[in-house]
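Biologist: I am new to this structure and would like a close look at a single part of it. Could you take me through one helix and its surroundings with care?

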There are 2 protein chains.
Amino acid sequence: MEFKEAKNKFVQSWGALGSQWGINKTMAQIHALLMVSNEPVSMEDIMEELQISRGNTSMNLKALMDWGIVYKEYKSGERREFFTAEKDLDELAVKISRERSKREIKPALKILKEVSTIEAKDSAEEKHFVDQTSKLYDFVLKADNMLDKITEFNENWLGRLVLKIMK
Amino acid sequence: MEFKEAKNKFVQSWGALGSQWGINKTMAQIHALLMVSNEPVSMEDIMEELQISRGNTSMNLKALMDWGIVYKEYKSGERREFFTAEKDLDELAVKISRERSKREIKPALKILKEVSTIEAKDSAEEKHFVDQTSKLYDFVLKADNMLDKITEFNENWLGRLVLKIMK
DNA sequence: ACAAACTTTCATTTATTTTTGAAAGTTTAA
DNA sequence: TTAAACTTTCAAAAATAAATGAAAGTTTGT
């Protein structure tokens, strides 16, 4: 396989994969493109490479910056803005899990807390509901904390030890 | 909040959350409904509760059974089929991660392997591409294994110890 | 302060995904 | 073997999500 072909394959596949994970295709593609670029890329170049409109590019770059995984860069003597992706994968994982936790897990916990604390009358049906949603609340909370700790400790000796034990 | 209201809120919210994670709304809603039902539910009842068509119900039940998180049940003397959800959350987590790994992570690894093993010519651009995709391959592989181990050991003492250390 | 060079926004269009429902298929009891 | 009672399939319709592009907004050098 040739370089251009490989690059294209990577970008396209990353886009498709992103969709499956609830991330829009263009956002994933732009991220993929920046990840494998060894130097900052201008908006024009992104538009050109991915064959997408200016508006789409702009919106998705903004979203990526909101997630904290893409940065703006300024080149001296250049009016245009350039973009780079966070390339440290541990850092990337931390930022993605923080963001998903904030956007998706926290709201889920809020709902679970609300519905699991209704006053359960004596019917078996209601008891089961409260029991099951309470368990779910505990479980999601535990999972969320675990993800937090894993990413947090990922780099240091304790994390490495844990990884070793787990393997 | 009253029981019916709480149940409805849970089912609706779970559906919305599912969408964000790339799981279709109805599939997530049916799963939610079955999770909090203390006894098997017929297709008719699911259709009625969620106000969805027979075809939709059938397809999504099939998908949930393919994931291994919903089971068919037969009641003696009843012609109809009934459905229940896996209610053990550890078991649920194991099945969901297995399935997502199989469907999404494994294919991603395949692509990463392919594109990271192209012959890098001497340009800095190509070297960076190979370097970055190789790192990504290693990282995703590591993460996939970790998820595997976490779910696998979740119930036993080692898992508990690790959780404790991490907290 | 101006205008050139750029970026962002958002109403509209387009593409994708999900849902419907009628027809086809299946199972079971008599 | 038949037909009633159910489930599944899939082409078409509906709903949802994403992309476009022109207009509005912003920044920067002179």
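Modeller: Buried means under 20% relative accessible area, exposed over 50% and partly exposed in between, with a 1.4 Å probe and protein chains only, and helices are DSSP runs of H or I with at least four residues, numbered from the N terminus. This is a predicted model, in which local features need pLDDT of at least 70, side-chain atom pairs count only at pLDDT 80 or more, and totals for chains, interfaces and linings use all residues. Residues are numbered from 1 along each chain as its sequence is written, chains are lettered from A and ligands numbered from 1 in the order in which they are written, and side-chain values use heavy atoms, leaving out hydrogens and water.

The part chosen here is helix H2(A), residues 25-35 of chain A, which is mostly covered, with ten of its eleven residues buried; among them are Thr26(A), Met27(A), Ile30(A) and Leu34(A). At the start of H2(A), a side-chain oxygen of Asn24(A) reaches to within 3.0 Å of the backbone nitrogen of Thr26(A).

The partner of H2(A) to consider is helix H1(A), residues 3-20, and the two pack at an angle of about 140 degrees with their axes 7 Å apart, where axes are lines fitted to C-alpha atoms over the stretch in contact and angles run from 0 to 180 degrees between N-to-C directions. In their contact (heavy atoms within 4.5 Å), residues of H1(A) including Phe10(A), Trp14(A) and Gly18(A) meet residues of H2(A) including Ala28(A), His31(A) and Ala32(A). The residues of this contact divide into six nonpolar, six polar and two charged, counting Ala, Val, Leu, Ile, Met, Phe, Trp, Tyr, Cys and Pro as nonpolar, Asp, Glu, Lys and Arg as charged, and the others, Gly among them, as polar.

Note on methods
A polar contact is a pair of N or O atoms within 3.5 Å; within protein, one must be able to donate a hydrogen and the other to accept it, and residues adjacent in sequence count only if both atoms are side-chain atoms.
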